[in-house]
Amino acid sequence: MSTPVTGAAGDESPVATAVPETVHPVDPEPAQPADSGHAEGSGQPGSGFDRSGAQRYARRWAREVSHRGFVPTSTAETERLLLAKTVRLARAVLAEPFSAQPGYDAGRSLVEAHLAEPGMLDWSVRALGEQFRPLVLPTLPEPAAATRIAALQGALSAGFAGALRERTLHQQERIARAAWEARDEVERALRDSEARFRAVFVDAAIGIGIAGIDGQVIDVNRAFAELLGYSVAELRQINVAALFHPDDAAGMWELYQELIEGKRDAVRVEKRYYRKDGSAVWTDLAVSLIRHDDGRPRFTVAIVEDITERHRLQQRLRYQASHDPLTGLPNRTLFFERLGEVFAAGGPDDRVGICFLDLDGFKAVNDSLGHDLGDNLLVTVARRLADCVAGQGHLVARMGGDEFVILLDHDAGCRAVKAVADLALAAVAEPVQIGKHRLSVSASIGVVSGPLGTTSVAELMRAADVTLYWAKAEGRNRWVSYDPARRAREQNRSALVAGMSAGLQRDEFTIEYQPIVTLADETICAVEALVRWQHPELGLLGPDEFIGLAEETGLIVELGRWVLTRACEAASRWYREFPEARLVVSVNLAARQARDQAVVGTVSEVLRQTGLPADLLQLELTESAVMATAGEPLPALRRLAALGVRLAIDDFGTGYSNLAYLRRLPIHNLKLAGPFVEGIRSSDRQGLVDGRIVDALVRLAHALGLTVTAEAVETLGQADQLRALGCDAAQGRYFAAPSAEGQIAKWLTARAERRRDGLPAGDRTA
């Protein structure tokens, strides 16, 4: 069985490394002589010390040691060490002659094993006297055992104290030696550092100066003195403030004040100094703050390098980079730099103005008279522009080519900017004599003015560029002021034109159908196809917002074919599903489409592809679209009528055709313009006049064998009056708003069901 050995404080648990009672550890001590007359391990008087008792004693010793301080070895190792010491002490008590040396050695061993806590010595001495006696009493009489154990206690204490003293002295010696070596190293490093600093300070090619926090120079090197033309002794009597250049003294003192107050640790600037002879020298100055150990500013160290030549070169390069080499005016780069400064420094209510000028016909001068003469003309114009605003503080710059700009960054109200534009036009308009050539040129100017808070540099220049284009387009030799509303309209137009063709490809266009009803029974007899554009950014756009642009750009032909095809496809589906309805689809035809030689072929091809009977398609044209230059009907109209397609004149009464012209046209229907229909709402004189006009137009159309459709019917009164005047059909929101194809099919379905049930066929409320 294993004997319990104490582990952590307060625990007694079996430890795997405990020494079994039946196994004797290797005894590091030499064996006793064979004739000692003692047989170990018997436990009986005269047989030597009790081996098992020694093991228990060693375990107890190890446990107490672990309770009283840090033990650098494992429990098993500590127990083996103490068991060996226990065995040796027991043998020493029984040995003849007796010697206390093993006790002394045991005390030293405790210290050497780092078991040197004071509590360890106290317990070891007391245990040796109290618990060690039973190990040897059976063999050695009490008086002798007590004497010898007391001697071992003293020797153990002496060995422990001696070893501890030696270790302490050794450690103190090591600490003292390390301290002396460190001090020597620091002193040597300090001497080396001071020597290096003096070598650098005195012999450096760059100027170095040291000054107190009051600005008084403490010391400078030769390079610093030579840079400013003084001797070293003279500079030691000067305050650095006396060396500052007046143009930068205030700013430098602010930086210097922040430095000596500890707000900065270093400052680096390019500045001028006065030399002893009064001349100025440009320097690259770096100043560092040196502090006391407690952080308080102590003095400053300045490193100064002469950069006068470099500064002059930079100035020349900057001038070349920021000025036009031909005219000497500021160039585009400097203009935008100055404009950026205006925006950065000004408040939101401060105004800025620009006159953006371009010479009219300058390319012709260059091409006809040569570039040399053109360059001379540009130089003359540049000088005149600079002279006309001289003294007003305005910047005149050449933007490139024959473009110039005048920047007004103060007093830049609209009136002031326009006054400068007038001066510029007058200056340019004066004849120019270059050699034998006398030239008269003009200019166009875009004028922009406004508060800084409502614009930016980029927006301002875009506005100036656009306004200059307007001035060119309106006849040149003038200035034009920027108009945000006009710009917005043009941007919208440009965006719509740019996106229209792509919108067709992306299927962004849709068609709604507005019912046309017969006034007699209010049944749907036709629908008008109205194109819409579901713009991805602007939302749903009506035809008034993009049809005109499509006509201007020629896209109306492509768009018109798309509308015609989709409308005929829908009408063909209605015809197949509701053949008895004979619903006519009415499609608008633009003037450009009507003049297109291919329009007849296009209509014929669409009818063939969709299977729609020709008499179920009605094409609507305005009066101006059906009039030829010589007053003859368009040939295409007769060919379209020959196909069986119905033709109608839209917005009749707003054009310039005479009434006699109607009988020469292959027209089937007249659509009265909305203003006439709107006028008959009122009972005043104008309403009576409009009613008589409608009555006359209806009678005339019927006399020519044409049907009449009224547009924009909004009220019951309008519908009743039109019915009383004999109008054949009408359309408007009173009857139905434009709807999707599916809604038309629902109305036709509802009508068919009413007829099947014997109900009235009216569709207005369907």
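Modeller: Helices (H or I, at least four residues) and strands (E, at least two) are DSSP runs, numbered from the N terminus. Right after one of them, helix 12, Gly 370 takes a positive phi of about 100 degrees. This is a predicted model, where local features need pLDDT of at least 70 and side-chain atom pairs pLDDT 80 or more, while totals for chains, interfaces and linings use all residues. Residues are numbered from 1 along each chain as its sequence is written, and side-chain values use heavy atoms, leaving out hydrogens and water.

Biologist: Okay, helix 12 then: which of its residues are buried?

Modeller: Buried means under 20% relative accessible area and exposed over 50%, with partly exposed in between (1.4 Å probe, protein chains only). In helix 12 (residues 362-369), Phe 362, Val 365 and Asn 366 are the buried ones.

Biologist: And what puts them on the same side of helix 12?

Modeller: Their arc, taken from the directions from the helix axis to the C-beta atoms, is only 95 degrees, so they share a side of helix 12. Lys 363, Asp 367 and Ser 368 are exposed, on the face turned away from that buried side. As for what the buried residues pack against, with contact meaning heavy atoms within 4.5 Å, the partners are strand 8 (351-360), helix 13 (371-388) and strand 12 (437-439).

Biologist: Now the sheet. What makes strand 4 and strand 5 its edges?

Modeller: Strands pair if DSSP finds at least two bridges between them. The open sheet has 5 strands in the order 4-3-7-6-5, with antiparallel pairing. Strand 4 (217-220) and strand 5 (266-274) each have a single partner strand, so one side of each lacks a neighbour in the sheet. On average, neighbouring strands are turned by 25 degrees against each other, direction ignored; axes here are lines fitted to C-alpha atoms, for helices over the stretch in contact, and angles run from 0 to 180 degrees between N-to-C directions.

Biologist: How many bridges join strand 3 and strand 4?

Modeller: Strand 3 (residues 207-212) pairs with strand 4 over 3 bridges, so the cut-off of at least two is met. One of the partnerships is Gly 209 with Val 220 in strand 4. Helix 6 (residues 142-203) lies across both strands, at about 110 degrees to strand 3.

Biologist: And over at strand 5 and strand 6, what lies between them?

Modeller: That's a hairpin with 5 residues between the strands, and Gly 278 in the turn has a positive phi of about 95 degrees. Strand 5 and strand 6 pair over 9 bridges, antiparallel, with Tyr 274 partnered by Ala 280. Strand 6 and strand 7 are also joined by 9 bridges.

Biologist: Why is Cys 388 not bonded to the closest cysteine sulfur?

Modeller: A disulfide needs two cysteine sulfur atoms within 2.5 Å. The sulfur of Cys 388 is 9.0 Å from that of Cys 355, so it is too far for a bond. The count is 0 disulfides.

Biologist: Then how do you know whether Cys 388 is buried or exposed?

Modeller: Its relative accessible area is 18%, so Cys 388 falls under the 20% limit and is buried. Cys 568, at 0%, is buried as well.

Biologist: What makes a set of residues a nonpolar core?

Modeller: Buried Ala, Val, Leu, Ile, Met, Phe, Trp, Tyr and Cys residues, joined through side-chain atoms within 4.5 Å. The largest has 87 residues, with Trp 574 and Leu 619 among those having the most contacts inside it. Helix 18 (residues 555-577) gives the most, 11 residues. Another core of 33 residues lies apart from it, including Val 365 and Cys 388.
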